[in-house]
Amino acid sequence: MVKVENRKTVWLLTMRFMQMNRGRSQIAILAIVLTTTLFTSLFTGARSMVLSKLEADKKTYSAWSHVILQDITGDEAQSVSDILEKSGFVERFGVNTFVGTLLDERILFQTEVRAADQNAASAFCDAPIQGRLPEKADEIALSSLVLDALGVAYLYEDLNKDLNKNLIKITLTIAVDNADGKEEQITRAFTLCGWWQGDVSDYSQYAWVSEAFAAEVAPRSRVRRWKAGR
C-alpha cells in the first residue's frame, strides 16, 4: 500500500467526485453498509452457532472437553497419561474413575459416583465452589441438588473451617459397577468436604469420592480419562 502525503487533496477530490456522481455514490455507500451488515450478521450468527453447539455437547456429555476417552482400563489410562504428559500440544487433561451410582429414594435423578482430579471435575463443570475434592476414603463432595434432596444444610461461609468444628456426616448407599458386570451395594458414612451448584439440565449429577475409596470398593472399575482444553 502506497502512503499518500497530501491527504487533504485526495479527500477534496473524492468529495467533489461524489458530488458529481451523487446518485451512484449513494448507491455505493448503501452497498458498503449492507455488505458490512451482512458480514457482521454472518460472523455473529456463526459464533452463536458454535457456542450453542458447545453448550449442547456439554449437556450431552456433561463435560467441557475437546477429546474424551472412556471405557478403558487402568493400564490403558496410565499409558494415555504418559503420552499426554510428554506431548507439547495438550494444555491439560484430567482423570475420573466411574465407581457406581447413588441409591436413595429421596434422590429422584441419576447421580453417578466418581473419583476425579481437579482438571476432570472442572471439565465436568462440577468442581467444588466451597470446600475441596475428597482426599480421604471417607470424604465426599456433592452437588447442591443432591444435598437439597437429602435435606443436608451446606451453605457455610467457610466450609473447611465449619467442617473442623462440626463435621457433616452423610450415610449413602452406592451400587458399585465393576468391569466384570457384577453389581454390589455398599453403605458407607461420608464426611462432606465440598459442594457446587448443580445444574438441573444435566443428564446426571455427580458425587466425587477419593481415589482411595475407588480403589477399595471398585478396584476393577472402568477408568475414564478426559482431556480438558479449557
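With which residue does Arg132 form a salt bridge, and how far apart are the closest N and O atoms? In this predicted model, the partner is Glu135, and the closest N and O atoms are 4.0 Å apart. Side chains of opposite charge can pair when their charged atoms come close. Arg132 also forms a salt bridge with Glu139, where the closest N and O atoms are 2.8 Å apart. Arg132, Glu135 and Glu139 are thus named together as a network of salt bridges. The members of this network differ in their exposure to the surroundings. Arg132 is partly exposed, with a relative accessible area of 28%. Glu135 is exposed, at 60%. Glu139 is buried, at 7%, because buried means under 20% relative accessible area.

Another salt bridge brings together the side chains of Glu216 and Arg188, at 2.8 Å from N to O. Glu216 belongs to helix 7 (residues 211–217) and Arg188 to strand 7 (residues 183–196), so this pair ties together parts that are 28 residues apart in sequence. Glu216 is partly exposed, with 46% relative accessibility. Arg188 is partly exposed as well, with a relative accessible area of 30%. The count for the model comes to five salt bridges.

Strand 7 also takes part in strand pairing. Strand 5 (residues 139–143) pairs with strand 7 in the parallel sense, over five bridges. Here Glu139 appears again: its bridge partner in strand 7 is Thr191. Glu139 therefore has two roles in this description, as a salt-bridge partner of Arg132 and as a residue paired with Thr191, while being buried at 7% relative accessible area. Strand 4 (residues 130–131) pairs with strand 7 too, in the antiparallel sense and over two bridges. In that pairing, Gly131 stands opposite Gly194.

Attention now turns to strand 3. Which strands pair with strand 3, and in what sense? Strand 2 (residues 94–103) runs antiparallel to strand 3, and five bridges join the two. Strand 8 (residues 205–209) pairs with strand 3 in the parallel sense, also over five bridges. Individual residues mark these pairings. Phe98 stands opposite Arg114 of strand 3. Ala115 stands opposite Val209 of strand 8.

Is strand 3 enclosed or open? Six of its six residues are buried, so strand 3 is largely enclosed by the rest of the structure. In a regular strand the side chains alternate between the two faces of the sheet. Both faces of strand 3 are covered. On one side, Thr111, Val113 and Ala115 are all buried. On the other side, Glu112, Arg114 and Ala116 are all buried. Arg114 lies in this strand, which spans residues 111–116. The relative accessible area of Arg114 is 1%, so Arg114 counts as buried. A polar contact of 2.6 Å joins the side chains of Arg114 and Glu112. Both of these residues are on the same listed side of strand 3.

Aromatic rings form a further set of contacts. A pair of aromatic rings is described by the distance of the centres and the angle of the planes. A search of the whole structure finds four aromatic pairs. In one of them, the rings of Trp196 and Trp208 have centres 6.2 Å apart and planes at 35°, so the pair is tilted. This pair links distant parts of the chain: Trp196 is in strand 7 and Trp208 in strand 8, 12 residues apart. Trp196 is buried, at 1% relative accessibility. Trp208 is buried too, at 0%. Tyr206 and Trp208 form a stacked pair, with 5.7 Å from centre to centre and 5° between the planes. Tyr206 is buried, as is Trp208. Trp196, Tyr206 and Trp208 form one aromatic cluster.

Nonpolar side chains are also found at the surface. Leu38, Phe39, Leu42 and Phe43 make a nonpolar surface patch of about 450 Å². Leu38 is found in helix 2, which covers residues 22–61. Is Leu38 buried or exposed? Leu38 is exposed, with a relative accessible area of 56%.

Terms used: Residues are numbered from 1 along each chain as its sequence is written. This is a predicted model: local features need pLDDT of at least 70, side-chain atom pairs count only at pLDDT 80 or more; totals for chains, interfaces and linings use all residues. Side-chain values use heavy atoms; hydrogens and water are left out. Patches are made of residues with over 30% relative accessible area and no salt bridge: like charges are joined within 9 Å, nonpolar side chains (Val, Leu, Ile, Met, Phe, Trp, Tyr) within 5 Å. Accessible areas come from the Shrake-Rupley method with a 1.4 Å probe; for residues, only the protein chains shown count as cover. Helices (H or I, at least four residues) and strands (E, at least two) are DSSP runs, numbered from the N terminus. Buried means under 20% relative accessible area, exposed over 50%, partly exposed in between (1.4 Å probe, protein chains only). A polar contact is a pair of N or O atoms within 3.5 Å; within protein, one must be able to donate a hydrogen and the other to accept it, and residues adjacent in sequence count only if both atoms are side-chain atoms. Two strands pair if DSSP finds at least two bridges between them. Rings of Phe, Tyr and Trp (its six-membered ring) pair if their centres lie within 6.5 Å; planes under 30 degrees apart count as stacked, over 60 as edge-to-face and the rest as tilted.
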